[in-house]
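Trainee: Before I use any of the labels on this one, could you take me through how they are earned?
Mentor: Sure, let's have a look at it together.

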Amino acid sequence: MAMENPEDLATLSQLEEGTLLDSLIARFQKKQIYTYIGDILVAMNPFKDLPLYDKQVSEKYKNHEKGQLPPHIFAVADRAYQSMQGRLATGPRNQCIVISGESGAGKTESTKLLLRQIMELCRGNAQLEQQVLQVNPLLEAFGNAQTVMNDNSSRFGKYIQLRFLNNCVKGAKINEYLLEKSRVVHQDDGERNFHIFYCMFAGISASDKEMYGLLEPALYRYINHKYGSEEMVQHWSMKYRGMCNAMNMVGFEEQEQVDMMTILAGILSLGNIEFEPHDSGGLKVTPGSLGWLKAAAGQFGVQEEELQKCLICTMSVTRGESIQRHHTQQQAEDARDSIAKVVYGRVFGWIVSKINELLAPNVDDNVELLEIGILDIFGFENFAVNRFEQLCINLANEQLQYFFNHHIFLMEQREYKEEGLPWEMITFKDNKPILDLFLIKPAGIMCILDEQTAFPQATDRAFVEKLSNSFKGNNYFQIGRSINPVFTVVHYAGKVQYTASGFLEKNRDTIPANIRTLFINSITPLLSVLFAATISRTGTLMPQRKSRHMQVLEDNFNTTRKQSVGAQFRHSLMVLMEKMFAASPHFVRCIKPNRCKLPDMVDNHLVMDQLRYNGLLETIRIRRDGFSWRPSFDEFANRYNILLVKSELPPTRESCEAILHATNLKGWNIGKSRLFFKYWHKEQLAKCVNRLDQAAVIIQKWYKGFRCQRIYRVLVAEMLKERELEREREMELERERVKERELERVREEQHQMELEQERKRQLEQENQEHIAAPVPLPRKKKPQPQPRLHPHASDMAVPPVPRPRSKLIEATPFDNALDHIAKKEEARQREMKRTATIRWFKETQMRKVARNGTFPNWFHGMISRREAENLLADKPLGCFLIRVSQNREGYTLTFKGDNRCKHYMIEVQTNGKYVILGEDQAHASLPDLVEYHKNVGIKPYMELLTVPCGQKSDKESDYEELTHLMKHPVQNNEACIDLGHLSGEQRVHLQLSQMFVPLQPGNITVAERPPILKKISDKKLGSPMKELVKTSPQHFSDEENQGHRAIPRLYPSIRLAMREIQQIRKQVQFSFAETPDSRELGNP
């Protein structure tokens, strides 16, 4: 029974479609969703959560051997990582992981799991690793949507490049392909807009909705006036919080996020603008839409009249004269929708560009980095109505299928023939003719599309007729019979009929002529940046530096805009294929078990179709009978000459055979210039090399031990000899000192005798002359001053006993004392770091940490690690404190654990958010961080913060290092408070609060309003606007004082527009209620 559902389908005894299908279904029913085909992984989407991805499973697949563990997506990540390092078969080389399958097969989830496991494997830069992991939820919110085939379908393609140096991730880059911008303005039945619009309504608070200008979701046309069930609202609310946290983690500024959300709200408002004929000719905005026009203008940061002109007419200059051409109703609606699409597309492009900027490797340009690329691209699609986007998506899948065929079949079988190996050719479904149908120049579908796009008078029907004439008789192209212009392409995955309506316009991707100039001059900085940016040949948004001249930007914009959407997509595919062909590929083939998206259900017919068009039966045959690894003699000999334990080995056929005979490998073959191995030979050779590596380590260990012992003995002998010589020198010096002391004693005795004799002579002379006067007594010595005792000396805490030094750093007889100059320099550098950190805290952090003029009781200033541990020595479990780091710009959280104190580094990001290294949650402030981890444990041990650690003394605070940099306390009568009745900790905090002088209202500098804002408000809105401007700062006073909260640039204008819209709605509802028909309907 074990052979009926083996882990590796290449070991099947019978290669038939039925056997293959039965094996996959049998494994799927046992919750074994992963299966190998040699070194290729097949993954079936279970449509439910499985316990296959926890921490324990992740650890098992680190540096694992393939045959010892079941197939898993983590095994692919580990194999790619080990191959990049050069541990498997080849030397260090770039890798790429290609994830393919139709929409809903589980490609996006597989990408997340691969990223997570690779970050686990390369543990080194915890903060960057978490930022890389946050990229996926951020891009999902803006680039994924619900379709009839998939609730979380990627409506764009992405290639994630992870950059490594010394086995640690140093940066990442995202390449995005063909965002489905048309979804912003239109969705088919059963489909939704991009997730972000629903997340905004579910996750944004009521006050923030007012700030952005958002009303009830049922009012907006671009989301089909639909929202969702309560369960979906909860799901979107959670997704919105995750998206905001991802932006904070990656490093987006708060003002950038506010501007972006305001622009997205502007897109929704723009979609509600409607038009009607004007009495004097042309068009005008309907009265019911004027409020939406004002709202969109305020949200975009432009003037209302200018936005309206861009919608209802086109301005052009001919021979110095301005000519105004009025739009028709359809042209005005197309202009409105094209603005919405291009704005959303540029917002998405800016997000990707910003991610690449923030995650760029911080290394020198001349440093060579290795890379692992992960391709997660849209799956093959065949809807009831297939448009231009489906054509491009299916073209990308054709290109990936060709890449797979080229590596698995074409290249491999061609080498068998060239090297003279006996081989029976395996036939497979080659899709090269289909690619030629699309891409061949100058007569491919994409070239004809660009040709027709260049003609202003060309139509979609003329494009289809041109295709029919060009590909008459082509087996992969069929003419459709319909009222609409349609054509059919026979793809590798089946026939797809495309509706050509809108092909030319989508390929042009035009926007109203004056809209770019209008948005460049917007007072919303982000919108100005988006439209001042250039578009590369691959369709990538490239924001420009502000120092560039506008003329340069204009020239770049015009040259790049000549590229059609199809041309950009073709070029981006070409660049992608170049990257993938230059790397070693790993394949993950995702299978969709049923179209109903239900767990534990398998549609045999659907699965078999996917197995057939993916060519998995042929893949099994070539993996079983073929040789997937084919190194040259030179490559193999240079890599594995160590197996013969020879330093130099000529890269010849004989050398390679000698190496292989020494390893006892079986099943390999040899050609004219290269060797041929089965897929499992890589791991067998890696084991042989690992054995030698381990032997080398043991030899090095013993040799180094012997060498160190020999050096030790020499040093000990030298030390003993030096000590003996030193002892002899000391004895000689001692003898000399004894002699000197003896001579000094004799001289002193002689001198005393002479003095005694002289005194006797003087006394005899005095007695003879007269009686001498009485001799005074000697004066007593003045007592020396004693040190003054501290009045509370008995209460002072005994300083802690110094801890013994570790034996690893214990002084040895061979340690030389540091030079005095070196000590002084080290102390000076340490003091400079300390001073710089204190200056950073004072200038950027002091007012963020202090609340109401005082610090929280868990903040302990700049104290050392040992002082922090001493403070927590007798505290309960979960007690904590936060201190300023002494040698870096950041903080450290010290936590009392079960058996020791733990120290967590808190990083302050460039956007001002606080993150514990290794955590995936960013916080606006330190108090927010503390409150969060009182409810959610700190990873990886999930320990909760409980009791804050107070001050160590009621006489003096822990802020000595910061007090001399703080402001002096207020010197007035009100500040002189009697502290006698307060407790020690309260006294400390109150004294510290006097160091902070809060800003007085007169000292707060109010930013001057830009001239364009004054112009708009004064010209359009008059006194109501001025009154609202006066009241709006009061509306945000509390929030600005707490965190200087960012708001939209034209917030007052947006509020007025929302009021106008609500008033119009009330009037319409009131008039509807007053009509006779409505009364009759209401009272039958």
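Mentor: What follows goes label by label, setting each value against its cut-off.

Mentor: Keep in mind that this is a predicted model. The protein chain has 36 helices and 24 strands, and 48% of its 1084 residues count as buried.

Trainee: Let's start with burial, then. Why is cysteine 96 called buried?
Mentor: Buried means under 20% relative accessible area. Cysteine 96 has 0%, so it is buried.

Trainee: And what makes alanine 873 exposed?
Mentor: The cut-off for exposed is over 50%. Alanine 873 comes out at 56%, so it passes. It sits in the loop between helix 29 (865–871) and strand 21 (880–884). In space, alanine 873 is 8.9 Å from arginine 900, C-alpha to C-alpha, with their positions 27 residues apart in sequence.

Trainee: Why is asparagine 167 called partly exposed?
Mentor: That label covers the range between the 20% and 50% limits. Asparagine 167 has 32% relative accessibility, so partly exposed is the right term. You'll find asparagine 167 in the loop between strand 6 (157–165) and strand 7 (168–177).

Trainee: What is there to say about the phi of asparagine 167?
Mentor: Phi is near 70 degrees there, a positive value in a residue that isn't glycine. Most residues other than glycine have a negative phi. Aspartate 509 is another non-glycine with a positive phi, about 55 degrees. Glycine 615, just after helix 23 (604–613), has a positive phi of about 65 degrees.

Trainee: Where is aspartate 509, and why is it called buried?
Mentor: Aspartate 509 belongs to the loop between helix 18 (503–508) and helix 19 (515–520). Its relative accessible area is 15%, under the 20% limit, so buried applies.

Trainee: How do you know that the structure has zero disulfides?
Mentor: A disulfide needs two cysteine sulfur atoms within 2.5 Å, and the count of such pairs comes to zero. Take cysteine 879: the nearest cysteine sulfur belongs to cysteine 949 and is 4.6 Å away, so under the 2.5 Å rule cysteine 879 is in no disulfide. Cysteine 879 is also buried, because its relative accessibility is 1%.

Trainee: What makes the bond from lysine 441 to proline 442 cis?
Mentor: Its omega is near 0 degrees. Proline 442 is in the loop between helix 15 (432–439) and helix 16 (445–453). A cis bond also joins lysine 939 to proline 940, with omega about 5 degrees, and proline 940 lies in the loop between helix 30 (926–935) and helix 31 (960–963). Most peptide bonds are trans.

Trainee: Now the voids. How many cavities are there of 30 Å³ or more?
Mentor: There are four. The largest has a volume of about 530 Å³, and the second largest about 60 Å³.

Trainee: What makes a residue part of the lining of the largest cavity?
Mentor: It must have an atom within 4 Å of a cavity point. By that test 29 residues line the largest cavity, with Leu179, Lys181, Asp509, Val565 and Gln568 nearest its centre. Helix 13 (329–358) provides the largest share, six residues. By class, the lining splits into 10 nonpolar, nine polar and 10 charged residues.

Trainee: Which residues line the second largest cavity?
Mentor: Among them are Gln401, Asn405, Phe409, Tyr613 and Gly615. Helix 14 (388–419) contributes the most, three residues. The classes there are four nonpolar, four polar and two charged.

Trainee: Which residues of helix 23 are buried, and what do they pack against?
Mentor: The buried ones are Leu606, Val607, Met608, Gln610, Leu611 and Tyr613. They pack against helix 1 (17–29), strand 2 (40–44), helix 14, strand 18 (584–591) and helix 24 (616–625). Packing here rests on contact, with heavy atoms within 4.5 Å.

Trainee: What makes the pair at the start of helix 23 a polar contact?
Mentor: A side-chain oxygen of aspartate 603 comes within 3.2 Å of the backbone nitrogen of histidine 605. The limit for N or O pairs is 3.5 Å, so the distance fits.

Technical notes: Residues are numbered from 1 along each chain as its sequence is written. This is a predicted model: local features need pLDDT of at least 70, side-chain atom pairs count only at pLDDT 80 or more; totals for chains, interfaces and linings use all residues. Side-chain values use heavy atoms; hydrogens and water are left out. On a 1 Å grid over the protein atoms alone, a cavity is a set of points where a 1.4 Å probe fits but cannot get out, and a pocket is an open set with protein on both sides within 12 Å along at least five of seven lines; lining residues have an atom within 4 Å of a point. Grid points are joined across faces, edges and corners, and a volume is the space filled by probe spheres set on the points. Helices (H or I, at least four residues) and strands (E, at least two) are DSSP runs, numbered from the N terminus. Ala, Val, Leu, Ile, Met, Phe, Trp, Tyr, Cys and Pro count as nonpolar, Asp, Glu, Lys and Arg as charged, and the others, Gly among them, as polar. Buried means under 20% relative accessible area, exposed over 50%, partly exposed in between (1.4 Å probe, protein chains only). A polar contact is a pair of N or O atoms within 3.5 Å; within protein, one must be able to donate a hydrogen and the other to accept it, and residues adjacent in sequence count only if both atoms are side-chain atoms.
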